[in-house]
Amino acid sequence: MPRLHRPKVYARYSRVEASRLRRQVLFLAGGIGVGVAAVLMARAADLAQHGFRAGVSAWPWLPLIVTPAGFALSCFLARRLFPGSQGSGIPQVIAARKLPSTEPSGHLVSLRIAGGKILLMLLGLLAGGSLGREGPTVQVGAAIMQAAGRVASIRRSSLLLAGGAAGVAAAFNTPLAGIVFAIEELSRSFDSKASGIVIMTVMLAGLTAQALLGDYTYFGSSYVTLSQGIAWIAVPIVAVVGGALGGLFNRLNVAWSHGLPGRPGAFIRRRPIVTAALLGLLVALLGLVSGSDVSGTGYEAARAAIHETPADVGLWYGPAKLLATLASTLSGIPGGIFSPSLSIGAGLGLDVAHFLNVDAVQAIALLGMCAYLAGVVQAPLTSVVIVQEMTLNHSMLLPLMLVALIAGKVSSLIAPEGVYHALARNFALPPPTADSARDSG
């Protein structure tokens, strides 16, 4: 090569290396950012729930005022200031991945929506809503990775997939479940081009979360087993119950999002803020009437059900938590359904064990968690992996697989597809203009 051309070659090589280094640094920062965001959201969510419960312990009738007002305010702010932040956030990520690369996705996933999501989710928890933080963490994680990738010029769909998977992994400390969730739920296929990015982002977010919180099992290690004999009768029963109720929850959510017919539907469209307040009042009444704490993620009840104190969870907890979560979701306030679904399933499992009068109460509660989650999302593999990884219970793996398969099939007879993908179709529309957003408020 002539000596004259060497400086040009070196300059071109340096630019390529600088661009590659910039992409790697931004990608690294994005993965760490998802882990930090997941930890901060978890801590803030715990504080919000403790704040609500402290108020209730001092003034038992406080939810009748605070919950409707909080729902109304959260719904108002979501519609006026942060459109696209409503609900769990997972349908928005799914819809954003399906957009052509030439179309903008800022109305579905962006840092602005992520910030509003966090604030309004905390407001909902502080008001006593039955909400989870894992779905919002998926949308926030996708927004962080998309922002990093926009600067680094990485394929958007891969970044959304990686950020969403890392959100699940960091929120639950379940890296394998995050990867399975990305394949089975977010993409519904194995994307070989994105697999490396997904694994690296999950690893970075997971290591960051562990560095801040330590290595832990979400629900604590569970050693319950399902002994041979009459206890196995509960397996198909809890699977059918969980799958049917999960499918019904799914179907009602989708029907509501499409608009109810007649006067009720017209009222909901004209008065969304009033509707949110009424649904908040319903959540407050459910807690008072059932005598159960139906607010928040339901973590404490689920943990009690699968460990040594299932008697602390009343027989009305599962149905009351289901209705409270349904009302919270239909209100349109930002918040997820992942953790509440696990809690609902645990309560339903306890009810099945009570009516069958079997001894393996904790094991059946664990099966109920998997069955109801599989019924709602219709993702059996994700349901099995996430419950198993959150409890480190290997002896229950085969019964968990069985209930997830049965529950998924039963749910599909009631709802044609999982709730996240069904709701994602509502976002496959052009982004609203500022005028239309004001009119819809």
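# Notebook: salt bridges, core and helix α17

I began with R53, which forms a salt bridge with D293, the closest N and O atoms being 2.8 Å apart. This pair links distant parts of the chain, since R53 sits in helix α1 (residues 6–58) while D293 sits in the loop between α11 and α12 (299–306), and the two positions lie 240 residues apart in numbering. I note here that I am reading a predicted model, and that every value below is computed from it.

I then looked up how far D293 is covered, and found that D293 is partly exposed because its relative accessible area is 38%, which falls between the limits of 20% and 50%.

R53 has a second partner, E300, and for this salt bridge the closest N and O atoms are 3.2 Å apart. Again the pair links distant parts of the chain, with R53 in helix α1 and E300 in helix α12, 247 residues apart. E300 also counts as partly exposed, with a relative accessibility of 38%. Through the partners they share, the salt bridges join R53, D293 and E300 into one network.

Next I turned to R133 and E134, whose side chains meet in a salt bridge at 3.8 Å, N to O. Are these two residues buried or exposed? Both R133 and E134 are buried. For the whole model, I recorded a count of four salt bridges.

**Nonpolar surface**

I went on to the nonpolar surface and found a patch of about 750 Å², made by W61, F267, V274, L278, L281, L285, L288 and V289. Which helix gives the most to this patch? Helix α11 (residues 272–290) does, with six residues. I took L278, which lies in helix α11, as a member to check: L278 is partly exposed, and its relative accessible area is 47%. L278 can be part of the patch on this count because its 47% is over the 30% that patch residues need.

**Nonpolar core**

Turning inward, I looked up the largest nonpolar core, which has 120 residues, and noted that L226 and I386 touch the most other members. The largest share of this core comes from α15, with 13 residues. Leaving aside neighbours within four places in sequence, I listed the contacts of I386 as V168, F172, T174, A177, F338 and L373.

I also checked I337, which is found in the loop between α13 (317–330) and α14. I337 counts as buried because its relative accessibility is 6%, and the cut-off for buried is under 20%. Not counting residues up to four places away in sequence, I337 touches F249, T325, T329, V376, V419 and Y420. I noted as well that the C-alpha atoms of I337 and V377 are separated by 9.9 Å, the two residues being 40 residues apart along the chain.

**Helix α17 and its surroundings**

For α17 I recorded 18 residues and a reach of 26 Å from the first C-alpha to the last, close to the 26 Å expected at 1.5 Å a residue. Which residues of α17 are buried? I found P399, L400, V403, A404, A407, G408, V410 and S411 to be buried. The buried residues of α17 pack against α9 (234–258), α15 and α16.

On the α16 side I looked at Q388, which lies in that helix and counts as buried at 13% relative accessibility. Leaving aside its neighbours within four places in sequence, Q388 is in contact with N393, H394, L397 and L400. Of these contacts, L400 is also one of the buried residues of α17.

**Positive phi values**

Last, I looked for unusual backbone angles. Most residues other than glycine have a negative phi. L392 has a positive phi of about 55° although it is not a glycine, and L392 lies in the loop between α16 (380–391) and α17 (397–414). L392 is partly exposed, with a relative accessible area of 40%.

N357 also has a positive phi of about 55° without being a glycine, and N357 lies in the loop between α14 (338–356) and α15 (361–377). Is N357 buried or exposed? N357 counts as exposed because its relative accessibility is 69%, and the cut-off for exposed is over 50%.

Methods
Residues are numbered from 1 along each chain as its sequence is written. This is a predicted model: local features need pLDDT of at least 70, side-chain atom pairs count only at pLDDT 80 or more; totals for chains, interfaces and linings use all residues. Side-chain values use heavy atoms; hydrogens and water are left out. Helices (H or I, at least four residues) and strands (E, at least two) are DSSP runs, numbered from the N terminus. Buried means under 20% relative accessible area, exposed over 50%, partly exposed in between (1.4 Å probe, protein chains only). The expected span of a helix is 1.5 Å times one less than its number of residues. Contact means heavy atoms within 4.5 Å. Patches are made of residues with over 30% relative accessible area and no salt bridge: like charges are joined within 9 Å, nonpolar side chains (Val, Leu, Ile, Met, Phe, Trp, Tyr) within 5 Å. Accessible areas come from the Shrake-Rupley method with a 1.4 Å probe; for residues, only the protein chains shown count as cover. A nonpolar core is a set of buried Ala, Val, Leu, Ile, Met, Phe, Trp, Tyr and Cys residues joined through side-chain atoms within 4.5 Å.
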